Amino acid sequence: DDTLMPYWGEGADLGGLPTPPGAGAPPPPYRYHDRRLFAALALRGAIVGPVGWHVRARWLDVDVRKQSALLAASAPPGAHGGRVALGEVGLLVDTRDREVDTQRGVFATVAAFQAPQLGGVSDFAFHGYDAALRVYVPLWPGATVSARALYDLKLAGGLATSRGTAAVPFFERMLYEGLRFDEGLGGAETVRGVARFRLAGEEKALVNVELRTRIATTHLLGKAEEWELAAGFDAGRA
């Protein structure tokens, strides 16, 4: 239940808006009340060596309780909310040494997904593709360069036939798919220094490069804590 959900408008007008790109809480013209339910299930398995498969399903129910002035004026698909049921299938390659605090290896995925129109369950029909690559290269003990590249595309209509309401609702343009699906672009997980969802579109690309180095290890209350510093840059396009 988010009363400060941002909607920044249609089209590539980011540079022309008077609000700074890194604005935190959106000003009233961009602020709407969003109440949603979200559920997801992902399964993955091996094919041969580091190559595997994954399937994923998710369901999203968005209720726009109160529109912002900009959302009401723009009236994009889904301006009053809606439901989306999405299924995905993909391939993956995973050579990481460990999932948490990875030091070396590659994690890559490619996937196709579809959201059909199903009465009472899913209100919009669209499909798309997602590809992601993560690379981890150790420099010296305790220091790693990590890099991520992401491409995500959503297209109105089904893969085979277009039935129902063929559209990508505006609240889906904020999300990217894949096995490691998330929200973007903007915020700490995608483009730091840019307000969340400031860059939104049916086509998205993202690049992150970061140097992580461990500076100290402590043992407080019988537990080990590793303290790190990180420096890097982010780039995104929608």
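Which residue lies over the face of Trp8? Keep that in mind while you get your bearings; we'll reach it partway through the tour. One thing to know before you start clicking: this is a predicted model.

**The whole chain**

Start zoomed out with a cartoon view. You should find one helix and eleven strands. Following the chain from its start, the order is β-β-β-α-β-β-β-β-β-β-β-β. The radius of gyration is 20 Å, close to the 18 Å that the globule rule gives for 238 residues, so the protein is as compact as a globular protein of that length. Along the principal axes, the C-alpha atoms fill a box of roughly 55 × 45 × 35 Å. Of the 238 residues, 39% are buried. Take the contacts with a separation of 6 or more: 62% of them come from residues 24 or more positions apart.

**Into the core**

Now select Tyr32, Leu71, Val84, Phe126, Phe170 and Phe171, and show their side chains. These are the residues with the most contacts inside the largest nonpolar core, which has 21 residues. Colour three strands next: S3 (51–66), S4 (81–94) and S5 (105–115) each give two or more residues to this core. S3 has the largest share, with three residues. As a rule, nonpolar side chains in soluble globular proteins tend to be buried together.

Stay with Phe171 for a moment. Beyond its neighbours within four places in sequence, Phe171 is in contact with Arg36, Leu60, Val62, Gly78, Gly81, Gly82, Val84 and Phe124. Apart from the largest core lies another one, of eight residues; to find it, select Ala132, Leu185, Val191 and Leu206, which are among its members.

**A buried arginine**

Next, pick Arg173, in the loop between strand S7 (143–156) and strand S8 (175–176). Is Arg173 buried or exposed? Its relative accessibility is 11%, so Arg173 counts as buried. Look for Glu10 beside it: the two side chains make a polar contact at 2.7 Å. Setting aside neighbours within four places in sequence, the other residues in contact with Arg173 include Pro76, Pro77, Val168, Ala200, Gly201, Glu202 and Lys204.

**Ring spotting**

Show every Phe, Tyr and Trp. How many aromatic pairs does the structure hold? There are six. Go to Trp8 and Tyr30, a tilted pair with 4.9 Å from centre to centre and 35 degrees between the planes. Trp8 and Tyr30 are 22 residues apart, both in the loop between strand S1 (2–6) and strand S2 (31–48). Both rings belong to buried residues.

For another tilted pair, select Phe38 and Phe181: the centres are 5.9 Å apart, with 45 degrees between the planes. This pair spans 143 residues, from Phe38 in strand S2 to Phe181 in the loop between S8 and strand S9 (182–183). Phe38 has 41% relative accessibility, so it counts as partly exposed. Phe181 is also partly exposed, at 30%.

Then select Tyr7, Tyr32, Phe124, Phe170 and Phe171 together, which form one aromatic cluster. You have already met Tyr32, Phe170 and Phe171 in the largest core.

**Charges over rings**

Back to the opening puzzle. Select Trp8 again, this time with Arg198: Arg198 lies over the face of Trp8, at 4.2 Å from the ring centre. For your last stop, select Arg96 and Phe107. Here the charged end of Arg96 sits over the ring of Phe107, 4.2 Å from its centre.

Technical notes: Residues are numbered from 1 along each chain as its sequence is written. This is a predicted model: local features need pLDDT of at least 70, side-chain atom pairs count only at pLDDT 80 or more; totals for chains, interfaces and linings use all residues. Side-chain values use heavy atoms; hydrogens and water are left out. A nonpolar core is a set of buried Ala, Val, Leu, Ile, Met, Phe, Trp, Tyr and Cys residues joined through side-chain atoms within 4.5 Å. Buried means under 20% relative accessible area, exposed over 50%, partly exposed in between (1.4 Å probe, protein chains only). Helices (H or I, at least four residues) and strands (E, at least two) are DSSP runs, numbered from the N terminus. Contact means heavy atoms within 4.5 Å. A polar contact is a pair of N or O atoms within 3.5 Å; within protein, one must be able to donate a hydrogen and the other to accept it, and residues adjacent in sequence count only if both atoms are side-chain atoms. Rings of Phe, Tyr and Trp (its six-membered ring) pair if their centres lie within 6.5 Å; planes under 30 degrees apart count as stacked, over 60 as edge-to-face and the rest as tilted. A charge sits over a ring if NZ of Lys or CZ of Arg is within 6 Å of the ring centre and within 35 degrees of the ring normal. The radius of gyration is taken over C-alpha atoms; the globule rule is 2.2 Å times the number of residues to the power 0.38.
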